[in-house]
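Please read these notes with the structure open beside you. They are meant for someone new to reading protein models.

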Amino acid sequence: SISETDETNNVSTSVSFTIATPVAEAPADLVMTDLSLSETDLGTRGKIQATATVSNTGDENAYAKTTYYYSTDATFDDDDIRLTSDGHGSLDGGEDTAETKNLKVKDIAKAAATHADFETNDHYILAVVDAQDRVEEGSEVNNVDAEQVTIDWGGSFYQDADLTMNA
């Protein structure tokens, strides 16, 4: 719009620049990193302590809850019997925590007795973080740890009471 004597000198030399793409945060990933039991040779009475270590290896925070199950194998599936649960609270990305929970041995024995051949079955305690799949995670295959236990039935069958009215 301005009349100039030289129109060829109005553009500067180019300057190179890069626009960085923001790095997306990795979703939360709750990982059951360790399960330890205070005892693995059990009778049918008493208590044992289960210590579960949970890590959040993702970037986003997530609520961590561990649920304990009785199982006849080391794989978490629909056949497993829930024993109890323990909340760890919210874990920030990169944070881990270890929590200890008392497990009643009679609950473990009662769960074991519901299976056929319970006296000769293998017995496991499973610790499962986010068992109800409430947290959207980067991976769902690292939420379980298992410990095998031995149950000494004491030479008798463990069963629920069966009261009968005789008169």
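1. A polar contact is a pair of N or O atoms within 3.5 Å; inside a protein, one of the two must be able to donate a hydrogen and the other to accept it. Keep this in mind for the points on Asp130. Note also that this is a predicted model.

2. Where does Asp130 sit? Its place is the loop between strand E7 (123-129) and strand E8 (144-151). The relative accessible area of Asp130 is 7%. The cut-off for a buried residue is under 20%, so Asp130 counts as buried.

3. Which backbone nitrogens does the side chain of Asp130 reach? One belongs to Arg134, at 2.8 Å. Another is that of Val135, which lies 3.2 Å from a polar atom of the Asp130 side chain.

4. Although Asp130 is buried, it has no salt bridge. The nearest side chain of opposite charge is that of Arg134, 6.5 Å away. A salt bridge needs a side-chain nitrogen of Lys or Arg within 4 Å of a carboxyl oxygen of Asp or Glu. Arg134 therefore appears twice in these notes: its backbone nitrogen is reached by the side chain of Asp130, while its side chain is the nearest one of opposite charge.

5. Most residues other than glycine have a negative phi. Asp130 has a positive phi of about 55 degrees, although it is not a glycine. Asp117 also has a positive phi, near 55 degrees. Asp117 lies in the loop between helix H1 (105-112) and E7.

6. Is Asp117 buried or exposed? Its relative accessibility is 58%, so it counts as exposed. Asp130, at 7%, is buried.

7. On the surface, a patch of positive charge gathers Arg45, Lys47, Lys104, Lys106 and Lys110. Arg45 is placed in the loop between strand E2 (41-42) and strand E3 (47-56). With 59% relative accessibility, Arg45 counts as exposed. Lys110 lies in helix H1 and is partly exposed, its relative accessible area being 41%.

8. A negative surface patch is formed by Glu25, Asp59, Glu60, Asp133, Glu136 and Glu140. Glu140 has its place in the loop between E7 and E8. The relative accessible area of Glu140 is 39%, which makes this residue partly exposed.

9. How many Å separate the C-alpha atoms of Lys110 and Glu25? The separation is 44 Å, and the two residues are 85 residues apart along the chain. Lys110 belongs to the positive patch, and Glu25 to the negative one.

10. Helix H1 also holds Ala112. This residue is buried, with a relative accessible area of 0%, whereas Lys110 in H1 is partly exposed. Ala112 and Ile81 are 31 residues apart in sequence, and their C-alpha atoms are 8.7 Å apart in space.

11. The last residue to look at is Val144, placed in strand E8. Val144 is partly exposed, with a relative accessible area of 32%. Its C-alpha atom is separated by 18 Å from that of Asn102, 42 residues away along the chain.

Technical notes. Residues are numbered from 1 along each chain as its sequence is written. This is a predicted model: local features need pLDDT of at least 70, side-chain atom pairs count only at pLDDT 80 or more; totals for chains, interfaces and linings use all residues. Side-chain values use heavy atoms; hydrogens and water are left out. Patches are made of residues with over 30% relative accessible area and no salt bridge: like charges are joined within 9 Å, nonpolar side chains (Val, Leu, Ile, Met, Phe, Trp, Tyr) within 5 Å. Accessible areas come from the Shrake-Rupley method with a 1.4 Å probe; for residues, only the protein chains shown count as cover. Lys and Arg count as positive and Asp and Glu as negative; His and the chain ends are not counted. The place of a charge is taken as NZ of Lys, CZ of Arg, CG of Asp or CD of Glu. Helices (H or I, at least four residues) and strands (E, at least two) are DSSP runs, numbered from the N terminus. Buried means under 20% relative accessible area, exposed over 50%, partly exposed in between (1.4 Å probe, protein chains only).
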